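Visitor: I have not looked at this one before. Please show it to me, and I will ask as we go.

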Amino acid sequence: MAAAGGNGGGSGRSCFVLGASGETGRVLLRELLARRLFARVTLIGRRWLSLGEETGAAVEQVVVDFERLSEHAAAFRGHDVGFCCLGTTRAKAGMDGFIRVDRDYVAQAAELARAGGCKHFLLQSSRGANQHSRFLYLRVKGEVENLVQAVGFDRCTILRPAVLLCKRQESRPMEWIAQQFLGVVAWVFPTAYSVPVEMVARAMVASVLQPGKGKVEVLENGDIHKLGKAVPQQGT
């Protein structure tokens, strides 16, 4: 475990982030550090991330082997909140790899987090997630939602965003075309078919700041827009 830190905050509270190298995860990390909600933020991933000047709070990075995640249980201990933005695509990882990352890794991480004392677990899922769907992506998302809920966190928040609007670091040509179209549509129907990753990240932050509405709360795309707007953008 290697740590890099600065001034802490958050009244001694701690969180971890899975998937901090992804589109939503990167924005979420910036939000958490800028708002100083936690005294310690732990990034759990398969590789070390170069954070540059973003580390405005105490940040730790733990590199793990997700195929042997049970051997890294210590990384999940002592956190109040867990954020999960972990995910891949079938095109990138193949069918088996996609299932392993988006369902199996996430479910095992949730179990380790609960055993380590995590009270509130936030999962980025997908609009249309359904364990009975005939579409692999939506079926796997529905399955992992059920597995995470079954872990028994004091509080579990599941976010189901529609198409994410972002500038990806990796090239996905067809998704880029869809985003251009949906970016125009969003001017007319801002909450119907898409959501900026910044809005998803702010909705996660808002969920932590606000009291829960039951043990399990599912936020659909419209809810994400509404909750994300409840948190002022940094610098405004």
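Visitor: Start me somewhere specific. Which residue does V41 stand opposite in β4?
Guide: V41 stands opposite V59 there. Strands (E, at least two residues) and helices (H or I, at least four) are DSSP runs, numbered from the N terminus.

Visitor: What kind of model is this?
Guide: This is a predicted model, in which local features need pLDDT of at least 70 and side-chain atom pairs count only at pLDDT 80 or more, while totals for chains, interfaces and linings use all residues. Residues are numbered from 1 along each chain as its sequence is written, and side-chain values use heavy atoms, with hydrogens and water left out.

Visitor: Back to the strands. How many bridges join β3 to β4?
Guide: Six bridges join β3 to β4 (residues 58–63), and the two run parallel. Two strands count as paired if DSSP finds at least two bridges between them.

Visitor: And what about β2 and β3, how many bridges there?
Guide: β2 (residues 14–18) pairs with β3 in the parallel sense over five bridges. C15 stands opposite V41 in β3, and L18 stands opposite I44.

Visitor: Which other strand pairs with β2?
Guide: β5 (residues 81–84) pairs with β2, again in the parallel sense, over four bridges. F16 stands opposite G82 in that pairing.

Visitor: Why is β3 called largely enclosed?
Guide: Five of the six residues of β3 (residues 40–45) are buried, so the rest of the structure largely encloses this strand. Buried means under 20% relative accessible area, exposed means over 50%, and partly exposed is in between, using a 1.4 Å probe and protein chains only.

Visitor: How many residues of β2 are buried?
Guide: Five of the five, so β2 is also largely enclosed by the rest of the structure. Both of its faces are covered, with S14, F16 and L18 on one side and C15 and V17 on the other.

Visitor: What unit do β2 and β3 make with a helix?
Guide: Together with α1 (residues 23–35), they make a right-handed β-α-β unit. Right-handed means that, with the strands pointing away from the viewer, the path from the first strand over the helix to the second runs clockwise.

Visitor: What is in the loop between α1 and β3?
Guide: R36 is found there. R36 has a positive phi of about 50 degrees although it is not a glycine. R36 is partly exposed, at 38% relative accessible area.

Visitor: Change of topic: α3. What span should it have?
Guide: α3 (residues 136–151) has 16 residues, and at 1.5 Å a residue it should span 22 Å; its end C-alpha atoms are 23 Å apart, which agrees. The expected span is 1.5 Å times one less than the number of residues.

Visitor: Which residues of α3 are buried?
Guide: Among them are L136, L138, V140 and K141. What covers the buried residues of α3 includes α2 (90–115), β6 (120–124) and β7 (155–159).

Visitor: Is V151 in α3 buried or partly exposed?
Guide: V151 is partly exposed, with a relative accessible area of 22%. Leaving aside neighbours within four places in sequence, V151 is in contact (heavy atoms within 4.5 Å) with A110, E111 and R114. Just after α3, G152 takes a positive phi of about 90 degrees.

Visitor: How many residues of α5 are buried?
Guide: α5 is mostly covered, with 11 of its 13 residues buried. α5 (residues 197–209) reaches 19 Å from its first C-alpha to its last, close to the 18 Å expected.

Visitor: Now pockets. What volume does the second largest pocket have?
Guide: About 220 Å³. Its lining includes R155, S207 and Q210, and β10 (216–219) and α6 (221–229) each supply at least two lining residues.

Visitor: What counts as a pocket?
Guide: On a 1 Å grid over the protein atoms alone, a pocket is an open set of points where a 1.4 Å probe fits, with protein on both sides within 12 Å along at least five of seven lines; lining residues have an atom within 4 Å of a point. Grid points are joined across faces, edges and corners, and the volume is the space filled by probe spheres set on the points.

Visitor: Last one: how many helices and strands does the chain have?
Guide: Six helices and 10 strands. Of the 236 residues of the chain, 49% count as buried.
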